[in-house]
Amino acid sequence: MSVFLRVRLTRLLSALAASSMLLCVTVTPAQARDTSLPPAVTHALQAQGISVAGLSVYAEELGNGEMLLSHNAEQLRKPASTIKTLTTFVALDMLGPAFTWKTSAYANGTIKNGVLNGDLVLVGGGDPYLTAERWWRFASEIRQLGIKTITGDIVIDHNYFAPLNDDRAEFDGAPEKSYNVVPDALMVNFQTSQFTFTGGVENSKPALMVEPLPANLVIDNQVRLSGSNCRRGYQGLRFTTAQGASSNSIGLSGRAATGCGHLSVARAIMTATDYAYGTFRTYFEQLGGHINGKLRVEPVPVKAKLLLNYDSLTLGEIIRLVNKFSNNVMARTLLLTLGAEKYGAPATIEKGQRAISEWLTEHHIDTRDFIVENGAGLSRIERTSAQGMANMLKVAWHSQFMPEFAASLPLSATDGTLRNRFQAAGMRGRIRMKTGHLEDVASLAGFVNAASGKNYVVVILVNYPGAQYGAGDEVQAAILRWVFGQ
């Protein structure tokens, strides 16, 4: 555990012993009124079997600062993915909506008649959304420079980020899940490929297609067809990696029912550098190019010549993807980028935590209301208070970048993680909130445009056993129906 986290946890214990210390004394206080829980909310808690002690909620009118509802608002809770609102807005405020990351290519050798006599060096700049399509475009632009043959190696420099713990199984033992991918300065397609099996009666085993397919991935497909019922689909489909989750070899086994169409399974595979190299090689060769050498991982040589800078999507576009679809690895990449841009590369988690802490202080928000681990919410350490989160959102509301930030939040009954929620008459499109679900956690944070036309900042943190299975959502719905009616 970092020094930053040890200090934060020590302060947490002290703060819990004297909860009054958690008040944000530097933010203009909301006007007082009766803020007890409405009967509809109390009924929802009872119906869902959730103790009132497991709920924190804070609601305030944004026009006049009148406090609408406050219950356990100063208590630190697990925020799950609502912490992404902090990470994305700090990034937006510090870097601006037009900020971009660059992925670069260098030639370490001479180019003549379409031949690079030497190495091609690929330098990662931390692009959070370097998808397969964009990576193909990157390879295509190198081919369009006239380079057809590379006699040397593909060298990858990913030193913009310091080495991180690359154990994808650490959080929940599921290293194959894309949400557990560890950020890397050259992260391609979230290190994730789609494995599609198609069972036909004419074959003894189902056909397999992998997209994208890294050239250096070895697959042993032992999946067999059987006459079992299609309802049972692919029985016991197993992915095995004898050398660990980051291995370049995958074994597939199990059985598939004959003539039952196709099954697609997404898997995070390999290491970031192996995956980037393998997919680049695949695309470059599909584009008619040829590479003689292999992969090396080392810094870009001083004498190498810049060939190409490839821009990412803008930060304004990136935060929309992070918040609408709750992308963990992209949020973690933003935290690292904040550290690198403010304190210099290589990026570290500690630098990112420090950048957020200083931003909170600069905006007169009590840092004791936040414990930040990775900025994504995929954490058992991160904490916030409902009032602290609301104070941050009030800063966002009055910012010149509020339009970009608001547009990044899921919209009720419309898109993102709220596309199927709050569909009652009049509520469609009037709630902009980030969701969060984790074991025993259900949370919401954002803005409500009520039926009266008034705007409210609302933060709801439910920390109670089983809250993530729907009970927490029902309590949230009761609160928002009440707020919407104000």
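**Close-up 1. The second largest pocket of this predicted model has a volume of about 330 Å³.** Welcome to the first stop. Which residues lie nearest the centre of the second largest pocket? They are His158, Asp166, Pro183, Asp184 and Ala272, out of 18 residues that line this pocket. By character, the lining is made up of nine nonpolar, six polar and three charged residues.

**Close-up 2. Strands E9, E8 and E14 form an open sheet, in that order.** The pairing in this three-stranded sheet is antiparallel. At the edges sit strand E9 (207-211) and strand E14 (261-268), each of which pairs on one side only. From one strand to the next, the twist averages 20°. Look next at strand E8 (residues 192-199), which pairs with E9 in the antiparallel sense over five bridges. To follow one bridge by eye, find Thr196 and then its bridge partner in E9, Met209.

**Close-up 3. Helix H7 (residues 328-343) meets helix H8 (residues 349-362).** The axes of the two helices come within 7 Å and cross at roughly 80°. Because angles of 65 to 115 degrees count as roughly perpendicular, H7 is roughly perpendicular to H8. On the H7 side, the contact involves Leu335, Leu336, Leu338, Gly339, Lys342 and Tyr343. Their counterparts in H8 include Ile349, Lys351, Gly352, Gln353 and Arg354, and Ala355, Ile356, Glu358 and Glu362 in H8 also take part. What mix of residues makes up the contact of H7 with H8? Seven are nonpolar, three are polar and five are charged.

How values were computed
Residues numbered from 1 in each chain as written. Predicted model: local features only at pLDDT ≥ 70, side-chain atom pairs only at ≥ 80, totals over all residues. Heavy atoms only, no water. Axes fitted to C-alpha atoms, helices over the stretch in contact; angles between N-to-C directions. Helix = DSSP H or I, 4+ residues; strand = E, 2+ residues; numbered from the N terminus. Parallel < 35°, antiparallel > 145°, perpendicular 65-115°, else oblique. Contact = heavy atoms within 4.5 Å. Nonpolar A, V, L, I, M, F, W, Y, C, P; charged D, E, K, R; others polar. Pairing = 2+ DSSP bridges. 1 Å grid on protein atoms, 1.4 Å probe; cavity = no way out; pocket = protein on both sides within 12 Å on 5 of 7 lines; lining within 4 Å. Points joined across faces, edges and corners; volume = space filled by probe spheres on them.
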